[in-house]
Amino acid sequence: MCAGMRLPRDRLAVALDVSTLDEARHFARRLAPEVGVLKVGLELFVAEGPAAVCAVHDAGAACFLDLKLHDIPATVAGAVRSAVALGVRYATLHAAAGPDALRAAAETARGSATRLCAVTALTSLDRAALAAIGFAAPAPEDVVRRLADLALEAGIDGFVCSPEEVAALRAQAGRDALLITPGVRPAGAEVADQRRVATPAEAIRAGADVLVVGRPVRDAADPAAAARAIVAAIREASA
Ligand code: C5P
């Protein structure tokens, strides 16, 4: 686990899943006193660009730039260079971009403060969908294992994975790998479109380093209080 992650608040990344800079600033200011990391994803970044990252930094939080890059090596490396220049703490890319793109990304980020996490198989893809795109390994777990190997060999720091993949990836990738886990729901919260969920305590105990939570915080009557409660659960589970 890296130095910037020892505090429970640094182990929660709240997704700023909004589409305007005004909303992003509003949530960032409200949440930064409680949460160490705020996640900027495709919706916000496509709408507002690097200003969204600046909004996170201006509020005093670290930025998780979740663009899930997937392109040729030179383009992925260029995007990673830009993410490093923005000073983001975490950035994501697809392991399926292949060994050369993964290596180029890892080399570009080396020595910087930006850590790269690979997405193996999107958790929205079931066995039939994986087969339909030509990922012919016998089962989704085999696809995840193979893509994880590619990313580890290339020097990628860790993975974005579902709570139920955490234990297997931890065993495969070792103690130092960074495992970031969405699909987390505080006990009793709305599951919405997430299929497989874990509570914050379950995900931490399974070995996750950073939890990603979006709607249960964004849509709460008091988002700061909702985030504070998750940080408290992380603290308790990691004590
Ligand atoms: O609102 P919710 O907590 O379900 O969203 C969590 C965030 O994690 C969203 O920004 C979503 O894009 C992301 N996510 C992901 N991989 C998944 C599930 C969600 O990156 N398998």
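Let's start at the ligand. One of its oxygen atoms sits 2.7 Å from an N or O atom in the side chain of R185. Keep in mind that this is a predicted model.

How much of the ligand does the protein cover? On its own, the ligand has 470 Å² of accessible area, and the protein covers 80% of that. Which elements give two or more residues to the shell? They are β3 (62-69), β8 (210-213) and α10 (215-218).

R185 has company. D17 brings a polar side-chain atom to 2.7 Å from an oxygen atom of the ligand. R215 uses its backbone instead: a polar backbone atom there lies 2.7 Å from a ligand oxygen atom.

Now step back to the whole shell. There are 14 residues around the ligand, and those that come nearest are D17, T123, R185, G214 and R215. What kinds of residues make up the shell? The split is 5 nonpolar, 3 polar and 6 charged.

Next, strand β3, and a residue in it: K68. Look at its backbone. Phi of K68 is near 45 degrees, a positive value in a residue other than glycine. Why point that out? Because most residues other than glycine have a negative phi. As for the surface, K68 is partly exposed, with a relative accessible area of 29%.

K68 leads us to H94. That histidine is in strand β4, residues 90-94. Not counting residues up to four places away in sequence, H94 touches K68, L69, H70, L102, V119, T120 and L122. Buried or exposed? H94 is buried, at a relative accessible area of 12%.

From H94 we go to L147, by way of T120. L147 is placed in helix α7, which runs over residues 140-154. Leaving aside neighbours within four places in sequence, its contacts are A95, A96, T120, A121 and F135. So T120 touches H94, and T120 is in contact with L147 as well. Take A96 from that list. L147 and A96 are 51 residues apart along the chain, yet their C-alpha atoms are separated by 6.7 Å. L147 is buried too, with a relative accessible area of 8%.

Now the cysteines. How many disulfides does a search of the whole structure find? The count is 0. Why is C117 not bonded? Because the closest cysteine sulfur, in C161, is 8.9 Å from the sulfur of C117, and that is too far for a bond. A disulfide here would need the two sulfur atoms within 2.5 Å. C161 is in no disulfide either; its nearest cysteine sulfur is that of C117. Both cysteines are buried. C117 has 0% relative accessibility. C161 has 3%.

Each of these cysteines also shows up in a valine's contact list. Start with V160, in strand β6, residues 158-160. Beyond its neighbours within four places in sequence, V160 is in contact with T92, C117, A118, V119, I180 and P182. At 15% relative accessibility, V160 counts as buried. The cut-off for buried is under 20%. For a sense of distance, V160 and E43 are 117 residues apart along the chain, and their C-alpha atoms are separated by 18 Å.

Then V166, in helix α8, residues 166-173. Its contacts, again leaving aside neighbours within four places in sequence, are C161, L179, T181, A206, G207 and A208. V166 is buried, with a relative accessible area of 0%. V166 and D142 are 24 residues apart in sequence, and 14 Å apart from C-alpha to C-alpha.

One more valine: V37, in strand β2, residues 37-41. What does V37 contact? Leaving aside neighbours within four places in sequence, the list is R9, D10, L12, A13, V14, A62, C63, F64, R89 and Y90. Pick out V14. V37 and V14 are 23 residues apart along the chain, and their C-alpha atoms are separated by 6.6 Å. V37 is buried, and its relative accessible area is 0%.

A quick recap. D17, R185 and R215 each place an atom 2.7 Å from an oxygen atom of the ligand. K68 has the positive phi. And the search for disulfides came back with 0.

Terms used
Residues are numbered from 1 along each chain as its sequence is written. This is a predicted model: local features need pLDDT of at least 70, side-chain atom pairs count only at pLDDT 80 or more; totals for chains, interfaces and linings use all residues. Side-chain values use heavy atoms; hydrogens and water are left out. Helices (H or I, at least four residues) and strands (E, at least two) are DSSP runs, numbered from the N terminus. Buried means under 20% relative accessible area, exposed over 50%, partly exposed in between (1.4 Å probe, protein chains only). Contact means heavy atoms within 4.5 Å. A residue is near a molecule or strand if one of its heavy atoms lies within 4 Å of it. A polar contact is a pair of N or O atoms within 3.5 Å; within protein, one must be able to donate a hydrogen and the other to accept it, and residues adjacent in sequence count only if both atoms are side-chain atoms. Accessible areas come from the Shrake-Rupley method with a 1.4 Å probe; for residues, only the protein chains shown count as cover. Ala, Val, Leu, Ile, Met, Phe, Trp, Tyr, Cys and Pro count as nonpolar, Asp, Glu, Lys and Arg as charged, and the others, Gly among them, as polar.
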